[in-house]
Amino acid sequence: MPHFTLARYVRYVVATFALYGSASAVQAQTPSWQTAVALGTSAGNRSSVTAIATDASGNVYLLGDFTGTVQLGATTLTNPEQRTHVFVAKWNSTSQRFEWAKSTGGSTAFGIAVQGAGVYITGGFTGQNADFGNTTLVSAGMGDVFVSKLTDTGNFVWARRAGSQYDDSAVSIATDGTNVFISGYFSGVTADFGATTLANTGGGFTSDLFVAKLTDAGSFVWTVKGGGPGGDYGQAVAVNGSNVYVAGQFQTPVATLGDLTLTSPTNTGSPDVLVAKLVDEGTSARFVWAQQAGGDGFDYARTLALSGSSVYVAGGFFSPSAVFGATTLTNAGSNDAFVSKVQDLGTTSRFDWTRQAGGTGNEEVIKVAVNGSRVYLAGSFSSPTVTFGSTTLVKAAPANDSSDVFVARLQDEGNQSSFRWAQRAGGTGSDVALGLAVQGTTVYTAGIATPAAPFGPVSIPRQPGNFVGFLASLTDDVPAANHSLARLTGLSLYPNPAHGTALVEMPALPAAAPATLTITDALGRPVRTYQVHSVTGRLRQEVALQGLAPGFYTLCLVAGSQYATCPLAVE
């Protein structure tokens, strides 16, 4: 155990505050990969991670699918059928191991959310039935929607189906309090969502988007649709109180969303980007505003995230030029990635800024996440080189028809933004990031990798599976390298040096700002992360220090665009 003399502790305090006090002069550095964990997959089979979410303790929940057998730590899941099965698993970020993993039958899954002790998943299932613990869902046709709840210990609580006699699926899920929201598409003439039946705008075979609300007990409350005679898809849903946001695409000259209409600017029959706001009125909902973007090619939104009244939507565009409000983007190649900030003004909205990234090949943003003014992107790129602002990423095998993973961060600066860094991963095969979650300064991404796949200094080794699901992380050195954050004062803890536990006293926080409290080690790596509920008065919170090696640490509070730090010594 180190001996903490007064002189040694004072030197540590001075050095720590010198580091953070000079943050305004430091530019963000590109973070390195810290971990990369692969799912074990049987020979000739595959696995993938399609979505991830984190809880208040920093644990990561993975959703994906597999064929054959898949190994998640000490748990082996077996799929005896030819179709894919869904799995959901919990990764303990402290012990760096899987705590549990469960599978369901005959499904593909796309969305996961965590609220308290509840884990919620959604997607689609094909065939005649799908098992969720003791619940069996029976399909009405080619493919149906499913939504299910588990406990955070891995037990299924309930499962519900919805849909039509044709192809239907949910793609995204979000929670708020005791409410659960899903979005996706349905293709039948009519589709049932509990007691609600929706009629397809195009008469069937083409798809309409839907947004549905369920209770925490699994009952459908309301469902609304949007679209026209073409193919219309809900790809992402997010919620903030009674405000519900959906993003996707519409492939029709005129799409109807309640009393609103969107008109394709080129009328070529190619999809355009769609983002809209609904208001949850309890037992019903109504569309309030809708925005469109794109050009005369295939343009689409894949994901969205919220920070207060800011709505971040991202995806890809094939159009030679695509219009996002007052901004026109020019495509650098085949398909470029984009991210836009849409400002919710209540009953109207506007595009504040749009940024793109691309090269001569195909790039797209598949997931976006936001933490205060920091906007994170994850997806794939196939160009030999691709630019994110002033950063250029080089693909591992430039001549191959393959893709690499990318993760990037922008800084939202109000009516403009700038890329701060971009990082890549992958080998000579195809690798893609499908999931993204941010917990304090830790950025998690997950997806599909073709072994062997390097993630900087760590690597996913070769194994029998054709391609495998992965979970990887890196540490963004915020706020020390983020010059746009404003310093808060009044963060303290005692006793210090501490042993076992410490009591943290925090200043008053911005009421609407998401806040996290992170303990990082001497190398800047997070070792504990806590979610903090914003308060208008000072807040005290006890933090557990058991399991931390004796030494020097830093306590960091990030709340919206403000931060505070405090040195911590553990005996």
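**Strand architecture and local environments in a predicted model**

No disulfides are counted in the protein, a disulfide being defined as a pair of cysteine sulfur atoms within 2.5 Å. Cysteine 556 has a relative accessibility of 5% and is therefore classed as buried, where buried means under 20% relative accessible area, exposed over 50% and partly exposed in between (1.4 Å probe, protein chains only). Cysteine 566 is likewise buried, at 9%.

The structure is a predicted model, in which local features need pLDDT of at least 70 and side-chain atom pairs count only at pLDDT 80 or more, whereas totals for chains, interfaces and linings use all residues. Residues are numbered from 1 along each chain as its sequence is written, and side-chain values use heavy atoms, with hydrogens and water left out.

The protein contains one helix and 51 strands; these elements are DSSP runs numbered from the N terminus, helices being H or I of at least four residues and strands E of at least two. Of the 571 residues, 59% are buried. Among contacts (heavy atoms within 4.5 Å) between residues at least 6 apart in sequence, 59% join residues at least 24 apart. The accessible surface amounts to about 20,300 Å², and carbon and sulfur atoms account for 52% of this area; accessible areas come from the Shrake-Rupley method with a 1.4 Å probe, and for residues only the protein chains shown count as cover.

One open sheet consists of four strands in the order β3-β4-β7-β8, with antiparallel pairing; two strands are taken to pair if DSSP finds at least two bridges between them. Strands β3 (47-54) and β8 (97-104) occupy the edges and have a single partner strand each, so one side of each is left without a neighbour in the sheet. From one strand to the next, the twist averages 20°, based on axes that are lines fitted to C-alpha atoms (for helices over the stretch in contact), with angles running from 0 to 180 degrees between N-to-C directions. Seven bridges connect β3 to strand β4 (residues 60-66) in the antiparallel sense, and serine 48 has aspartate 65 in β4 as its bridge partner.

A further open sheet of four strands follows the order β33-β34-β37-β38, and its pairing is antiparallel. Its edge strands, β33 (363-371) and β38 (417-425), each pair on one side only. Neighbouring strands of this sheet are turned by 20° against each other on average, direction ignored. Strand β37 (residues 404-412) runs antiparallel to β38 and is joined to it by eight bridges; valine 407 stands opposite glutamine 423 in β38.

A hairpin is formed by β23 and β24, with two residues between the strands, and glycine 258 in the turn adopts a positive phi of about 65°. Strand β23 (residues 254-257) pairs with strand β24 (residues 260-263) over four bridges in the antiparallel sense. Within this pairing, alanine 255 is the bridge partner of leucine 262 in β24.

Asparagine 331 is situated in the loop between β30 (327-330) and β31 (336-344). The relative accessible area of asparagine 331 is 12%, and the residue is therefore buried. A polar atom of its side chain lies 2.6 Å from the backbone nitrogen of glycine 333. Leaving aside neighbours within four places in sequence, asparagine 331 is in contact with Phe317, Phe318, Ser319, Pro320, Asp336 and Gln356.

Note on methods
Polar contact = N/O pair within 3.5 Å; in protein donor to acceptor, adjacent residues only side chain to side chain.
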